[in-house]
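Colleague: I should like to learn how helices, sheets and charged pairs are read from a model. Could we work through one case together?

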Amino acid sequence: MSEFLVALLGERLVNSDKAEVDVQSLGSRLSLVGLFFGCSLNAPCKQFNGSLCEFYCRFKKSSEHKDKLEIVFISSDQDQKHWQDFLQEMPWPALPFKDRHKKMKLWNKYKVTSIPSLVFVDSTTGKIVCRNGLLVVRDDPKGLEFPWGPKPFAEVVAGPLLRNNRQTTDGSSLEGHYVGVYFSAHWCPPCRSLTRVLVESYQTVKESGQKFEIVFVSADRSEDSFTQYFSEMPWLAVPYSDEARRSRLNRLFGIQGIPTLILLDTEGHVITRQGRVEVLNDPECRLFPWHPRPVLELSESNAAQLHEGPCLVLFVDAEEEGELEPAKELIQPIAEKLMAKYKAKEEETPLLFFVAGEDDMSDSLRDYTNLPEAAPLLTILDMSARAKYVRDVEEITPAIVEEFVNDFLAEKLKPDPI
């Protein structure tokens, strides 16, 4: 356990007294680490820190599992005094302020896209136990459900589900179906835009004979808004009044923003968390149920994924549809090998793969990251770390790509700033 935690967090943490904390001394009974990602200048982080302090102190005082949990603060502060002042309010240790590299690795590893964020991970493996610790603190203030591990979807969704004609069905009716779990709200313009497209996709898939259902999990601010929005939807919904079940579903899938569409297979296992991108990119639903593809063609609808962690982007001289296929075929075996390796470890792939041609989207990305106009151009872009890695050679071969990827993962490459 200690060896893994040292690899994850380093040998030393610091506490509010400016004293060093030996990671190996955190305790042999420790089984869960809560990684608190935040910033002193962020008002929601300050507010959540107060709730987390109450939760933590209560847990450490009265829970039978008090020795099994520790929290570690992972800061995005740029000013050391602000960071130190914030740390004074915390009864748990933090990653040292100067250890920016390890902080960024943790942000990328656990795909943190917003703050505050609290991710509970297994202290012996680093695997995610619960993505949305904010809801744990809110819904289980006494820590009675420790260690908050994921439950089967069928168990969490169990109970009555609504149709917009006011009839109900039971959650067990989803058995044997592909399921889209749709987190959305009427007040959110991108949600309403996606809903219009999703209605057509839903009908297309159903007409093809596939066993497919969608469950709407509302983030609306009133039952009237929920009722109005749900009237536009031909699928099922968790009753708005069942706030506990809606919250458990948010916690199960670690929802950090809306709209989010999670696709599940017939056994209730996640196929993809990127249902929104898949629906927008595949209006005819030819690729349903949208299993992750090793290599994506860069487009406006999937460009947001560039901000979810490091991405390999191969820029090529291609303007017409179909001209990107040779580039995709070149890097696909490497992407597939990496996906398989991390799937076997039950971990998310640490690198996404894209090919980009000559279009406005590619031009914007080149301008934003200050890349040369060369094509082909092999890059790895890490937007959250504002870092780029560039391999500018006349010919891109599979061997060059594989070496580039392996060197990046082994941290042998020197980044340039974006």
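**Reading helix H3, a sheet and its salt bridges**

Modeller: The model is a predicted one. In it, the buried residues of helix H3 pack against strand E1 (12-14), helix H2 (43-62) and strand E4 (69-75).

Colleague: Which residues of H3 are buried?

Modeller: An α-helix has 3.6 residues a turn, so residues three or four places apart point the same way. In H3, which spans residues 80-87, the buried residues are Trp83, Gln84, Phe86 and Leu87. Viewed down the axis of H3, these buried residues fall within an arc of 160°, so they line one face of the helix. At the start of H3, a side-chain oxygen of aspartate 79 comes to within 3.0 Å of the backbone nitrogen of lysine 81.

Colleague: What is the order of the strands in the open sheet of six?

Modeller: Strands of a sheet pair through backbone hydrogen bonds, either parallel or antiparallel. Here the order is E14-E16-E15-E17-E18-E19, with mixed pairing. Strands E14 (295-297) and E19 (416-417) are the edges, each pairing on one side only. E14 pairs with E16 (residues 352-356) in the parallel sense over three bridges. Helix H11 (residues 325-344) lies across E14, E15 and E16, at about 175° to E16.

Colleague: Which parts does the salt bridge between glutamate 297 and lysine 328 tie together?

Modeller: Side chains of opposite charge can pair when their charged atoms come close. The side chains of glutamate 297 and lysine 328 meet at 3.6 Å, N to O. Glutamate 297 lies in strand E14 and lysine 328 in helix H11, so the pair ties together parts 31 residues apart in sequence. Glutamate 297 is partly exposed at 33% relative accessibility, whereas lysine 328, at 15%, counts as buried.

Terms used
Residues are numbered from 1 along each chain as its sequence is written. This is a predicted model: local features need pLDDT of at least 70, side-chain atom pairs count only at pLDDT 80 or more; totals for chains, interfaces and linings use all residues. Side-chain values use heavy atoms; hydrogens and water are left out. Buried means under 20% relative accessible area, exposed over 50%, partly exposed in between (1.4 Å probe, protein chains only). Helices (H or I, at least four residues) and strands (E, at least two) are DSSP runs, numbered from the N terminus. The arc is that of the directions from the helix axis to the C-beta atoms. Contact means heavy atoms within 4.5 Å. A polar contact is a pair of N or O atoms within 3.5 Å; within protein, one must be able to donate a hydrogen and the other to accept it, and residues adjacent in sequence count only if both atoms are side-chain atoms. Two strands pair if DSSP finds at least two bridges between them. Axes are lines fitted to C-alpha atoms, for helices over the stretch in contact, and angles run from 0 to 180 degrees between N-to-C directions. A salt bridge is a side-chain nitrogen of Lys or Arg within 4 Å of a carboxyl oxygen of Asp or Glu.
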